[in-house]
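Open the model in your viewer, switch to cartoon, and keep the selection box handy. We'll go stop by stop.

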Amino acid sequence: NARLIELASDAVRYWLFLGRPDAGGSAAGRQRLLDLREQILAEFAPLLAPYVWQKQPFGLQFCPETGDTPAHIGGCSEFGDNVEDEWFIVYLLEQITRLFPQLVAKVLDHDGEFLLIEAADHLPKWLNPETSENRVFFCEGRLHIIPCPTRPAEVGWPREKTLTISQALTLLSCQRDACLASTKIQSALRRRLEGYPGKIQANLHHAHCFLPAGIVTVLSQRPDLLAPAVSAFYLRDPVDLQACRTFRFFPPETRVIASVTFTRCLYAQLQQQSFAPDRRSGFTLPARSHPQHRAHELGMKLAHGFEILCSNCQEASSEPDAPVSCNPQWKSFLGSLKKNGYFRGELEGSQLYKELMLSAQSFFRQSASSIEKSPGAEVLQILHDSPYNLDELKKQEKCLAPEDSDSWLDLTPQDLDQLLQERAGVGFGMAGSSPSQAVETGKNEGEVEAASYTLVAVTQKMKNFINAVSSHEGAELPWSVSSDPFSFDPDAVTSALDRLLGARDDELDSDDLEDDDDDYTEEDDDVEEENEAVGFSGSPREAGAQALGTLKMYMDQMDQELSATNIGQSFTQSKKVMQPSNDQVEVDEIQPLDVDLNLVTNLLESLSSQAGLAGPASNLLQSMGVHLPSNLDRP
């Protein structure tokens with residue numbers, strides 16, 4: 001079972017099944033899956049070949065049938081600190097099922113069916129982590145969820161019964177339209193995947209680095225080896241740094257300026273760490289005011305990462321890797337690349353054609369090899385097979401492309417609030433407009449904050465939240481509750497409160513205590529016996545009146561005790577009522593509370609005590625779509 005597989009907290013597991021669960025078990029089915037694997041890799045090579053993975057790449061391997069899991073192609077990838085790798089894989093699965101409709105995709109991570117988390121506000125009530133097992137799939141590029149039938153004639157699978165993958169695939173093949181997820185769920189997932197594949201380029205950062213020539217040579221052939229080098233530096237320990245006292249593999253005297261392509265996650269990990277090199281290493285940094293200080297610092301850190309990689313592995317093999325042309329599958333793979341326009345119309349032998357061919361060969365070698373070499377061994381192999389020309393690399397320094405600005409590293413509190421609002425999928429404030437929309441209309445920041453909320457709206461939102469009906473699983477946000485309107489009889493509520501607290505002018509009528517013999521049943525006999533057991537006597541209605549009287553007595557005693565304290569002064573009351581008389585004596589009675597005023601006052605005091613940090617009041621209000629501005633005018 002897919003859910004029984006233990007996954008690391010930073011890993012994602014994915015499966016691609018044939019639409020008919022029995023189609024992959026035969027020898028013909030196995031060959032069909034292998035052919036589809038080759039077609040998929042060739043189709044998506046333009047995206048996969050240059051992609052820089054944080055930890056492990058996307059890969060597809062054939063897996064025979066085991067237990068309730070049919071034969072399939074799939075894999076498991078660790079994405080480390082870059083969660084965008086995980087969502088890129090989700091995008092790939094969506095597109096694979098769109099281009100190859102005979103395939104059905106399933107994906108899980110440490111949280112289980114994490115796709116449902118994105119649409120948590122729109123899921124049906126019955127769907128939760130316990131009932132979602134083997135119900136969520138990608139078919140034809142759209143999300144499908146095996147429904148739970150409410151009537152015998154409906155399509156689906158009962159939630160109290162275990163659903164296997166084979167059974168789920170059978171339902172999808174027969175009743176695919178009935179299993180299609182709702183429009184709101186589809187839209188929530190589409191928002192998370194919005195921007196791909198262009199988002200891949202937007203997530204890259206180009207920076208100049210002062211690097212040893214050997215590293216420049218390695219990255220020119222295998223840019224994906226940047227990630228393990230950054231990880232080696234980021235996770236270094238004192239033992240690793242011992243190898244960096246004297247650089248054996250990458251001497252600092254061979255350094256040149258080169259342009260390096262990072263992902264934003266890798267660049268942030270490298271840039272944000274403070275590190276001083278060992279004096280014996282030969283790496284020295286210019287003053288911070290120097291225009292190339294950042295290039296020197298980045299290059300020094302990256303050199304340490306590559307040195308750690310190489311020092312932790314064995315020597316490179318003296319035998320070079322066999323060329324990919326020796327692999328019988330390379331010819332068909334290369335033909336698929338040309339058919340899909342991978343070489344962008346470049347003439348064979350041009351510089352860009354050679355770079356694309358080198359990237360394709362590297363990608364094919366990694367995907368076709370069943371033996372995984374360590375990154376350090378691959379670096380040493382490239383150094384052994386590809387000697388560099390230092391003079392030629394120095395000439396290339398003059399024609400480097402400009403580096404990117406890293407201002408995206410600086411995030412203001414307002415930027416963070418906006419990102420959180422967009423991520424939560426709720427409107428900014430009460431006015432229904434975002435800050436960017438307000439700027440477009442010419443409003444300044446103060447006008448935006450003033451228009452984004454009103455105190456009346458705050459109290460109304462809180463009342464709606466309190467009046468909402470929630471289950472035993474906890475309170476629900478206003479937009480996640482049932483669409484059925486919540487209604488009650490105000491007269492019945494008032495009457496019940498009067499009975500509980502006692503009427504002001506007169507007590508319970510005698511009619512309330514009458515014993516209606518026609519309504520007296522055997523159940524009342526049982527209730528009467530229970531009442532006698534706890535000290536009440538008489539009919540059930542008389543016992544009820546006694547219970548109300550006792551409760552009222554307790555509440556009166558509590559009021560008397562509280563009247564001697566200062567608790568009442570913590571509430572804001574309505575203005576005292578003046579009873580007209582000869583001497584205009586003020587009526588000494590308990591005055592009603594101004595509930596709305598007390599609510600707003602307490603919320604604002606709670607927000608003020610948070611001092612701009614996260615807290616219960618701000619979390620509660622923002623979950624209901626209320627965004628209050630900072631209290632900047634208070635000292």
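In which loop is Asn134 found? Select Asn134 and you'll land in the loop between α4 (115-118) and β5. Keep in mind throughout that this is a predicted model. Asn134 has a phi near 60°, a positive value in a residue other than glycine. Most residues other than glycine have a negative phi. Is Asn134 buried or exposed? Its relative accessibility is 0%, so Asn134 counts as buried.

**Stop 1: the sheet next door**

Move along the chain into β5 (residues 136-139). Now bring up the open sheet of six strands, ordered β2-β3-β1-β4-β5-β6 with antiparallel pairing. Color β2 (61-63) and β6 (142-145) to mark the edges, since each of these strands pairs on one side only. Look along the sheet for its twist, which averages 35° from one strand to the next.

Back to β5, with side chains on. Val136 and Phe138 sit on one side, Phe137 and Cys139 on the other, and all of them are buried, leaving both faces of β5 covered.

Next, pick out the neighbors. β4 and β5 pair in the antiparallel sense over two bridges, and you'll find Val104 opposite Cys139. On the β6 side, β5 and β6 are joined by four bridges, again antiparallel. Phe138 has Leu143 as its bridge partner in β6, while Cys139 stands opposite Arg142.

**Stop 2: the turn from β5 to β6**

Select Glu140, in the loop between β5 and β6. This hairpin has two residues between its strands, and Glu140 takes a positive phi near 55°. How accessible is Glu140? It is partly exposed, with a relative accessible area of 37%.

**Stop 3: helices on the sheet**

Add α5 (residues 165-174), which lies across β1 (11-18), β4 (103-109), β5 and β6 and runs at about 45° to β5. Then add α6 (residues 183-192), another helix packed on the sheet: α6 touches β5 and β6, and its direction makes about 135° with that of β6.

Follow the chain to Pro197, in the loop between α6 and α7 (198-202). Zoom in on the backbone here: the peptide bond from Tyr196 to Pro197 is cis, with omega near 5°. Most peptide bonds are trans.

**Stop 4: an enclosed helix**

Jump to α8 (residues 213-221). Why is α8 described as largely enclosed by the rest of the structure? Because seven of its nine residues are buried. Select Ala213, Gly214, Ile215, Val216, Thr217, Val218 and Leu219 to show that buried set. Show the surroundings too: the elements covering these residues include β7 (204-212), α9, β8 (255-263), α12, α15 (375-385) and α16 (390-396).

Of those, turn to α12 (residues 293-311), whose axis is 11 Å from that of α8, at an angle of about 80°. That makes the two helices roughly perpendicular. Show Ile215, Val218 and Leu219 on α8, with Leu302, Ala303 and Phe306 on α12, to see what makes the contact. The contact residues comprise six nonpolar, no polar and no charged.

**Stop 5: α9 beside α11**

Select α9 (residues 226-234) and α11 (residues 264-271); their axes come within 10 Å and cross at roughly 30°. That makes α9 roughly parallel to α11. The crossing is left-handed. From α9, show Leu226, Ala227, Val230, Phe233 and Tyr234, which meet Leu266, Gln269 and Leu270 of α11. By class, that contact has seven nonpolar residues, one polar and no charged.

**Last stop: α24 and α25**

Finish with α24 (residues 595-609) and α25 (residues 616-623), packed at an angle of about 120° with their axes 8 Å apart. Which residues of α24 and α25 meet? Turn on Leu603, Ser606 and Leu607 in α24, then Ala617, Ser618 and Leu621 in α25. Here the contact has four nonpolar, two polar and no charged residues.

Key
Residues numbered from 1 in each chain as written. Predicted model: local features only at pLDDT ≥ 70, side-chain atom pairs only at ≥ 80, totals over all residues. Heavy atoms only, no water. Axes fitted to C-alpha atoms, helices over the stretch in contact; angles between N-to-C directions. Parallel < 35°, antiparallel > 145°, perpendicular 65-115°, else oblique. Left-handed = near helix turned anticlockwise from the far one by under 90°. Contact = heavy atoms within 4.5 Å. Nonpolar A, V, L, I, M, F, W, Y, C, P; charged D, E, K, R; others polar. Pairing = 2+ DSSP bridges. Buried < 20%, exposed > 50% of the residue type's maximum accessible area, 1.4 Å probe, protein only.
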